[in-house]
Amino acid sequence: MLVDDSGEVAAEVDFRKGHKRKTLVVGAVAATVKVVCQNCMAPANIDINATVRLLIVGSDDELAALAENDDGMVCVEEQVLLVDLLEDELILSMPMVGRHLDGLCTPSPALLAAQMAAEKQTAAETAKAVTNKDTYKAFAGLGALTAGMFDKKDS
Ligand SMILES: [Zn+2]
């Protein structure tokens, strides 16, 4: 998904006491990652912003018991793995298809080659359509010709 590991991540996280004395993690994380643009196939830097608001719970049961608009995270160990948490949030915020912002695409050699190939194919198909007509006529004539030849051979 990512072109390489380069990029920057900035995060601001606050731990608070949420309701029922659960730990509430509130924060924002911003990252710049490099992906392959699905328009032009060139590397593109995209910004991801994610907000974090998670209640830390001790079990799956507690997680299931959370209110519908509360996001939770099961954490059975003493320490919350903050990096994992932030990484998860970032991954969730990644666009499904990475691409440059409008107008920022650079025509890459690969794209140009693909376009040229597509044009060539269209041209070839047009040529083929024309050839098919001619071929049909040519075969009609050939059929009559060969029929005569076989007749001669057989008799
Ligand atoms: Zn692009």
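This section describes the fold, strand pairing, helix packing and nonpolar core of a predicted model.

The chain contains 3 helices and 4 strands, arranged along the sequence in the pattern β-β-β-α-β-α-α. Of its 155 residues, 12% are buried. Among contacts between residues at least 6 apart in sequence, 58% join residues at least 24 apart. The average pLDDT of the chain is 78, and 77% of the residues score at least 70. Confidence varies between the elements: the highest mean, 91, belongs to helix H1 (residues 60-64), and the lowest, 67, to helix H3 (residues 109-154).

Strand S2 (residues 23-36) and strand S3 (residues 43-57) run antiparallel and are joined by 14 bridges. Within this pairing, valine 26 stands opposite arginine 53 of S3, and alanine 31 stands opposite isoleucine 48 of S3. S3 also pairs with strand S4 (residues 71-74), here in the parallel sense and over 4 bridges. In that pairing, leucine 55 has glycine 72 of S4 as its bridge partner.

The two antiparallel strands S2 and S3 form a hairpin with 6 residues between them. Methionine 41 is located in this loop and has a phi near 65°, a positive value in a residue other than glycine. Most residues other than glycine have a negative phi. Methionine 41 counts as partly exposed because 17 C-beta neighbours lie inside 10 Å. Glutamine 38 is also placed in the loop between S2 and S3. With 14 C-beta neighbours inside 10 Å, glutamine 38 is likewise classed as partly exposed. Glutamine 38 touches Val97, Gly98 and Arg99, residues up to four places away in sequence not being counted. For one of these contacts, that with arginine 99, the C-alpha atoms are separated by 5.3 Å, although the two residues are 61 apart along the chain.

Helix H2 (residues 82-93) has 12 residues and reaches 17 Å from its first C-alpha to its last, close to the 16 Å expected at 1.5 Å a residue. Its residues Leu85, Leu86, Glu89 and Leu90 are buried. Viewed down the axis of H2, the buried residues fall within an arc of 130°, so they line one face of the helix. An α-helix has 3.6 residues a turn, so residues three or four places apart point the same way. On the other side of H2, Val83, Asp84, Ile91 and Leu92 are exposed.

Leucine 90, a residue of H2, is buried because 20 other C-beta atoms lie within 10 Å, and 20 is the number at which a residue counts as buried. Leaving aside residues up to four places away in sequence, leucine 90 touches Val29, Ala31, Ile48 and Ala50. Two of these partners, alanine 31 and isoleucine 48, stand opposite each other in the pairing of S2 with S3. Leucine 90 and valine 52 are 38 residues apart in sequence, with their C-alpha atoms 9.5 Å apart in space.

The largest nonpolar core has 14 residues, of which Val29, Val52, Leu54, Leu85 and Leu86 touch the most other members. S2, S3 and H2 each supply at least two residues of this core. In soluble globular proteins, nonpolar side chains tend to be buried together. Valine 29 touches Val9, Ala11, Ala50, Val52, Leu86, Glu89 and Leu90, with residues up to four places away in sequence again left out. Among these partners, Leu86, Glu89 and Leu90 are buried residues of H2, and Val52 and Leu86 are, with Val29, among the core residues that touch the most other members.

Key. Residues are numbered from 1 along each chain as its sequence is written. This is a predicted model: local features need pLDDT of at least 70, side-chain atom pairs count only at pLDDT 80 or more; totals for chains, interfaces and linings use all residues. Two residues are in contact if their C-beta atoms, placed from the backbone, lie within 7 Å. Two strands pair if DSSP finds at least two bridges between them. The expected span of a helix is 1.5 Å times one less than its number of residues. The arc is that of the directions from the helix axis to the C-beta atoms. A nonpolar core is a set of buried Ala, Val, Leu, Ile, Met, Phe, Trp, Tyr and Cys residues joined through C-beta atoms within 7 Å. pLDDT is the predictor's confidence in each residue, from 0 to 100.
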